[in-house]
Amino acid sequence: MRVPVSWLRDFTPIDLPTNELVDVCNSLGLVVEGVEQIGGGFDGVVVGHVLDVRPHPNADRVRLSTVDIGTGEPQQIACGAANLAVGQHVPVATLGTTLPGGMTIERRKLRGEWSNGMICSEDELGMAPDRAEGIMVLPEETEIGKPFAEVMGIEQDVVLDLEIETNRPDAMCIAGIARDIAATLGLPFHIPDPMVEENGPRVGDLASLRIERPDLCPRFTLRVLQDVRVGPSPDFIARRLTLAGMRPINNVVDASNYVMLELGLPSHPYDRSRVARSQLGVRGARAGETIVTLDDQTRPVPQGACAIIDGNDAIIGLAGVMGGASSDITESTSEVLIEIAQFDPYSINYTSRVLALRTDASARFERRIDRDGHLRAQNRLVELLRLSSPDLRCAEGTLDEQADEPWPSSREQLTVRTTRVNEILGTTFSPEAICDYLEPMGFVTSIHTEGEIAVTVPSFRPDCEREIDVIEEIARMHGYERIARRVPTSPFAARLTPHQQLRRRVRHRLVGQGFTEAWTTSLLGPDDVEKVGITDPVIELANPVTREESLLRNTMLPGMLRAVSYNTARQQLDLSFFEVGRVFFPPETERVVGDGGTAPRAYPYTEVGAIDLHGDHAGTRPSDEFEHLAMCQTGGDVDAQSIVRSWRELTEGLRLVRRLDLVPVSRPGFHPSRCAEVRDGAVALGVIGEVDPAVCAAFHINQRVAYLEVDLRVLLAHVDVVPQMSPITKYPSAEFDLAFLVPNAVRADEVEATLRDALKTNLEEVTLFDVYRDERSSSEVRSLAYRLKVSSLAGTLSDAEMAEIRTRAIEAVTTAHGASLRG
Amino acid sequence: MDETVELTDDDIAGIIADIHAARTLDELADRERRYTGKDSHVTAMQRAIGSLPPDQRKNAGARVNALRSQLTDAFSTRREVLARHERSAQLEAERMDLTEIVGSVRSGHAHVVAQTREQLEDVFLGMGFTIAEGPELEDDWHNFEALNFPPGHPARSSWDTFHVALGDEQSTLMRTHTSPVQVRVMESRRPPIYSVMPGQCYRRETPDARHLAVFNQIEGLVIDRNITFGDLAGCIDTFTQAYFGEGIVSRLRPAFFPFTEPSAEFEVTCIFCTGDGCRTCSHTGWIELGGCGMVDPNVLNASGIDPEEYSGFAFGFGIERCAQLKHGLSDARILLDNDIRFLRQF
C-alpha cells in the first residue's frame with residue numbers, strides 16, 4: 001500500500017526523519033518495501049532569464065548564453081539545445097545541484113569556456129521523459145530566481161510503500177496506519193467524525209434495499225445524493241490519489257476511492273437513474289449469469305458468488321470485487337446511490353479467485369472491514385464530494401440493513417490473562433503495562449482480579465478474536481526486539497535416524513567414488529515421458545504453469561539425461577552424476593517387475609506418512625512417494641559394466657546382508673541387451689544398464705550413458721547396520737586360478753555364486769580376472785578366468801586339501817552351468 | 001716378501017691410505033684380499049710366528065694381531081662409507097617427479113544445496129533437534145487446514161499452490177512449505193518436541209534469481225512446557241551464529257502467518273557488509289531470512305496438544321537462500337542446471 005506521509009499527518013502529528021519513520025513502520029510489521037521522495041531533487045533549480053545567446057568559439061553544437069538567475073550577477077552557461085533563445089525563462093540547475101537523475105552540477109570548462117550551471121530539459125528534471133525535446137521553457141511572467149519547485153507548485157512529500165499482512169485489516173487504510181504509528185510513538189491520534197447536512201427528500205422515498213442473503217451480506221448501507229455535478233476532483237484529492245497509486249477519474253469515483261484509502265471501507269457509487277426501480281439487492285449468483293464489469297469486460301459470475309442486483313433481479317455488480325458498467329457514474333449522472341456494505345470474506349475471496357480478479361476492494365473485504373465504520377465513511381464521502389459539487393442534496397437518512405446475527409462473529413470482549421501474556425512472551429508485564437499498550441490501539445481494557453484483563457476489541461480489529469491475537473498486539477507495541485532472549489535447552493541427545501545416517505553414507509561414498517551430486521527438478525513434461533518411453537502411470541499437476549513442468553516424475557532418468565545433455569552440449573563429456581530424490585506414483589499402481597509381469601510394490605515409503613485424498617479425514621493411505629537413488633555415467637569407455645562396477649563398489653562398502661542379483665530384463669528407455677533388474681529374490685529394487693542410444697539421441701547426447709536407479713529405502717533395508725564379526729584364520733591363505741569355458745547364456749556372477757556356494761568358508765575372495773571370447777568363431781561359450789583365494793580355520797592348507805578344494809570348485813561349476821575347464 | 005720383516009709405521013699408514021682410496025666395494029674387496037687374504041703379508045707374518053723362538057712369539061703375535069685388527073677396522077670403516085654412497089647413488093637414480101600425474105584427477109562433489117542442508121542439519125543436531133521428513137505430495141489438511149488456513153482463507157492465495165490431479169478436487173497438492181511436517185511430527189509424537197524438518201517444496205511461480213518453483217526449506221519446531229517468545233528469539237540467534245559465524249546476529253519484526261501467533265520475520269546481519277550497508281542488503285545492514293512465531297493454539301489443538309499445557313515456536317527459511325548468501329550465488333537458477341563446472345566448485 002502506498003502511503004503519503006502528509007496524509008498520515010491528517011491524523012497524527014508525525015515529525016520524524018524518514019529513515020526513523022521507516023524503522024518504526026518495520027518494527028510494527030508494516031514492512032517498508034520502498035520509499036519515494038516526491039517533489040525532491042529540485043533544490044538548487046531556479047528560474048533563469050536568458051539575456052544573450054552566442055556561438056561557442058571552439059564548438060559547433062554548443063552555444064554560450066548569459067543567464068540572469070536572480071543573483072544580480074548573470075552567469076555564462078553552455079547549452080547544446082537548439083530551442084534556446086534570448087528572452088526565455090528557463091529552469092537553471094545552479095552549481096552544486098544534484099538532479100533527480102543523480103547528476104551533480106559543477107563549474108566546468110567546455111572547450112576553453114566556463115559553464116556555471118545547466119539549463120535543464122524536462123527529461124533532466126525527471127518530469128515527462130516522453131516530451132523531452134530541448135530545454136524546458138517557462139511562461140514569460142515567471143519570477144526570475146524563484147525556486148523551480150515553487151513555480152511548479154510541487155509539494156514535497158514522502159510516499160512509503162508498505163506491505164500489509166493479511167491479518168491487519170485495520171492497516172489497509174491511512175487512518176489505521178496513522179493509529180498504529182501514533183500508538184507506538186505515544187502521539188495523539190484523531191479521526192474526524194464528519195456531520196452531513198441532509199437537505200434532500202427522505203432516503204426511503206428514493207431507494208430501497210432487498211438483501212436476500214444476509215449470510216453473504218450482513219450489513220448494507222445506502223446514501224442517496226441528488227443534483228450531483230460530476231466533474232474533476234479538487235487538486236488535493238487528485239494529487240493524493242495519484243501518490244497512492246490510483247488514477248483520478250471523476251469527483252464521485254475519486255471520493256469513493258479516497259474514502260477507501262483513508263478509512264479502509266470500500267464503497268460503490270451507482271447512477272440512480274440507471275438502476276432499475278432504484279433498488280439494490282444482494283443474492284447468490286445462479287448458474288450461467290454474466291456481467292459487464294466497469295472495465296468493460298464481460299465476465300461469467302461464478303455460481304453462488306455474492307452478487308448485487310437491481311430491482312429487476314439483474315446482476316449489476318460483483319459484490320465487493322467490481323461494479324458493473326450498466327450503472328456506472330458518467331458525466332451526465334446527477335443522482336448517485338452510495339453503497340457501503342459488508343460482505344462475507346470467504347465469498348469475496350471465492351469470486352476474486354475464480355475470476356482471477358483482485359481489486360483494492362476485494363483485498364479489503366477478504367481481510368474483513370471495520371464493522372462499525374459505515375456511517376462515518378458515508379459522511380466523509382459526502383463531505384468530500386461537496387467540495388467539488390457544493391450544490392448536491394443529500395437525502396435524509398441512510399438505508400441500513402443489518403443481519404439479525406451481528407457479523408463477523410468475533411467476540412467483542414476477550415479475557416486476557418496477565419500470566420498467559422508473560423508465559424507466551426517470556427516477559428514480566430504488569431496488568432497496567434499491558435493496558436497501556438492496548439489502549440492507544442483502540443482496545444478498551446479493564447483490570448479484574450488476579451491480573452485478568454477484560455479487553456473490548458475495536459470494530460476495526462476483526463482479526464483479534466482470541467487472547468493470543470491480543471498477545472501479539474501487546475508484543476508488537478512493546479517491540480519484538482525488546483523481549484529478552486533465552487536459548488531453549490533440548491532434553492534430547494539428537495542424532496540422525498538410521499535411514500538418514502545411511503542416506504548420508506550413500507551420498508558420501510558416491511562422492512568418494514567420483515560421482516557428483518545433481519539436483520534435477522521433480523516436474524516433467526509429456527515430451528520427457530515420450531522420449532524416455534515411460535510406461536508406468538504418471539501423476540499430473542492440476543494447474544501446471546507450463547507443459548514442460550506438468551507431470552510428477554516417477555523416474556529420475558529424464559532429469560538426469562537433461563543434466564547430461566546440458567553438459568555434453570558444453571563439451572563437458574566425462575560425467576558421473578548421482579541424485580537422491582523423490583518419485584511419485586498414482587496410488588495402488590503396480591510397478592512393472594521383470595519381463596512384463598507386475599507385482600505390488602512391497603515397500604511403500606511409510607516413513608513419510610499417510611495422505612488423505614478426500615479431505616474428509618475418513619481415511620488416509622500410505623503415500624505412494626518413494627525415495628530413489630539414481631547414478632549416471634557417461635564419457636570415455638563408459639558402458640553398462642562401468643555402472644555395475646560403481647554399483648558393486650557402493651554396495652560392497654555399504655555391507656549388504658545379501659548380494660543383490662542383476663537379472664537381465666528389457667525395459668523401455670534402456671538398451672535392450674544391456675539392462676538388468678536389481679533384485680533380491682522376487683523383490684525388484686530398481687534397474688541398471690545402458691540407456692537406449694535412441695533415447696540418448698532424443699536428448700541430443702551422442703555417447704553411451706550408463707544408468708542405475710534403485711529404491712533407496714529398500715536398498716538401505718538391506719544394509720547390515722551392525723555387522724557381527726566372523727572368525728578369521730590364523731593360517732596363511734593360498735591362491736589358485738581356474739578358467740572355465742562357460743555358455744554365453746550363463747552370467748559371470750552366477751558362476752561366481754556357484755563358486756562361493758561350493759567353497760563356503762574356505763573361500764576368502766573370488767575375482768574374475770580375465771574374459772576371453774574367440775572372435776573368429778561364433779562360439780557359444782567364452783572363457784572366464786577366476787582367481788580364488790582360500791584358507792582354512794583349522795590349519796595351513798596341505799597339497800591334498802588344496803587339490804580337494806580345486807576339484808570341488810571345478811565340479812560345482814561344470815555341473816551347475818554345463819561349463820568345462822579350459823585346458 | 002720376507003715374512004719375518006716387520007712393517008714400518010709408514011708402511012702401515014700407506015696400506016691404510018690405500019684402503020681408504022678404494023672407490024668401490026669391488027676395489028675394496030681386491031685390497032682386502034691383498035692385505036689380509038691368505039697370500040697377504042700379514043697372513044705370512046702370522047704363519048711365521050710359529051717358527052720364532054718361544055720368548056719372541058708372544059710379542060710378535062700381539063703385534064701381528066694388532067696390525068690385523070687395525071686393517072680390519074680400516075676395511076669396515078671404508079666398507080660402510082662405500083655402502084652408504086652406493087645406496088644413495090642407487091636411490092638418487094630412482095628420483096621421481098611426484099607431480100607427473102598423467103590424466104585428469106576428478107573427485108566427486110556433493111551438491112552445494114545438499115551440503116548446505118547437511119551443515120544446517122548438523123547445527124540443529126548439535127542443539128538437540130532431531131530431523132524429521134515428510135511427503136512432498138501432501139494433502140490439504142497437513143499443508144493448510146491443520147495449520148490454521150481454513151478453505152477460502154485469504155492467506156492461502158499468497159501460497160501459490162500446485163494442485164495434483166489425484167483424489168478429490170484440490171485435496172492433494174505439492175507441499176508449499178515444510179510446515180506440514182510439523183503437523184505430522186505433532187500427530188505422531190508427544191511433547192517435548194525439538195525437531196527440524198528439511199525438504200523440497202513447490203510454488204506455482206515463474207523462477208527468478210531469488211525464487212525457484214522447486215526449492216528447499218528447513219523448518220524448526222519446539223514444543224515443550226514454558227516455551228516463550230524469548231526462547232524463539234534466542235534459538236534463532238543461536239543457529240544463525242552457528243551457521244553464518246560469530247558477529248552475525250538476528251532481529252525479529254512483526255509479520256503474519258496463519259500457523260503462528262505472534263508471528264515474525266527474522267533478519268540476520270548482512271554477511272557481506274557485516275551490517276554497514278551494501279547493495280545486497282539494500283543498505284539496511286540486514287538480510288531477510290525467514291519466518292517464525294509461537295505455534296498458534298489452533299495448530300496445537302488440531303494436533304491434539306493442549307495449548308494451555310504446552311507452548312512452542314516454529315521457524316522456517318530457505319536452504320538455497322543460505323547457500324546463495326554464503327557462497328555468493330547471485331542467481332538461484334544455476335542450482336538446477338547441473339553444469340558440472342558449477343557443481344565442481346563446491
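**A buried glutamine, a small sheet and a set of ring pairs**

At 17% relative accessibility, A:Gln572 counts as buried, because the cut-off for that label is anything under 20%. The model is a predicted one, and this glutamine is a handy place to start looking around. A:Gln572 sits in the loop that runs between helix H15 (557–568) and strand E29 (575–584) of chain A. Setting aside its neighbours within four places in sequence, A:Gln572 touches A:Asn567, B:Ile340, B:Arg341 and B:Arg344. A:Arg476 is another matter: it lies 96 residues from A:Gln572 along the chain, and the two C-alpha atoms are separated by 55 Å.

Stepping back to chain A as a whole, there are 20 helices and 42 strands to keep track of. The radius of gyration comes out at 41 Å, whereas a compact globule of 823 residues would have one near 28 Å. Laid along the principal axes, the C-alpha atoms of chain A fill a box of roughly 125 × 85 × 60 Å. Even so, 55% of the 823 residues of chain A count as buried. Take the contacts in chain A between residues at least 6 apart in sequence, and 70% of them turn out to join residues at least 24 apart.

One piece of chain A that can be walked through strand by strand is an open sheet of 3 strands, in the order E23-E25-E24 and with antiparallel pairing. Strand E23 (413–417) and strand E24 (444–447) of chain A are the edge strands, each with a single partner, so one side of each has no neighbour in the sheet. From one strand to the next, the twist averages 25°. E23(A) pairs with strand E25 (residues 452–456) of chain A in the antiparallel sense, over 5 bridges, and in this pairing A:Gln413 stands opposite A:Thr456 in E25(A). Helix H11 (residues 431–438) of chain A packs on the sheet, where it touches E24 and E25 of chain A. The direction of H11 makes about 170° with that of E24(A).

On the other side of the pairing scheme, E24(A) and E25(A) are also antiparallel, this time over 4 bridges, and A:Thr445 stands opposite A:Val455 in E25(A). These two strands form a hairpin with 4 residues between them. In the turn, A:Glu450 has a positive phi of about 55°.

Helix H5 (residues 235–243) of chain A gives a view of helix packing. Its buried residues are A:Ile237, A:Ala238, A:Arg240, A:Leu241 and A:Leu243, so an arginine is on the list of residues under the 20% cut-off. What covers them includes strand E1 (2–4), helix H1 (5–8), strand E2 (31–38), strand E10 (157–163), helix H6 (251–263) and helix H9 (374–388) of chain A. After H5(A) comes A:Gly245, with a positive phi near 95°.

Aromatic rings come next. Over all chains, the structure holds 23 aromatic pairs. One of them joins A:Phe343 and A:Phe365 edge-to-face, at 5.1 Å centre to centre and with 70° between the planes. This pair links distant parts of the chain, 22 residues apart: A:Phe343 is in the loop between strand E20 (336–342) and helix H7 (345–354) of chain A, and A:Phe365 is in helix H8 (residues 360–367) of chain A. Both A:Phe343 and A:Phe365 are buried.

In chain B, B:Phe239 and B:Phe317 make a stacked pair, 5.3 Å centre to centre with 10° between the planes. B:Phe239 belongs to helix H9 (residues 229–244) of chain B and B:Phe317 to strand E9 (residues 311–318) of chain B, so the pair ties together parts that are 78 residues apart in sequence. Both rings belong to buried residues: B:Phe239 has a relative accessible area of 1%, and B:Phe317 has 3%. The two phenylalanines are also part of a cluster linked by ring pairs, whose other members are A:Phe492, B:Phe124, B:Phe129, B:Tyr194, B:Phe266, B:Phe313 and B:Phe315.

Rings in chain A also meet charged side chains. The charged end of A:Lys531 sits over the ring of A:Phe699, 4.5 Å from its centre. A:Arg787, in turn, lies over the face of A:Phe769, at 4.7 Å from the ring centre.

Note on methods:
Residues numbered from 1 in each chain as written. Chains lettered and ligands numbered in written order. Predicted model: local features only at pLDDT ≥ 70, side-chain atom pairs only at ≥ 80, totals over all residues. Heavy atoms only, no water. Phe/Tyr/Trp six-rings, centres within 6.5 Å; stacked < 30°, edge-to-face > 60°. Buried < 20%, exposed > 50% of the residue type's maximum accessible area, 1.4 Å probe, protein only. Lys NZ or Arg CZ within 6 Å of the ring centre and 35° of its normal. Contact = heavy atoms within 4.5 Å. Pairing = 2+ DSSP bridges. Axes fitted to C-alpha atoms, helices over the stretch in contact; angles between N-to-C directions. Rg over C-alpha atoms; globule rule 2.2 N^0.38 Å.
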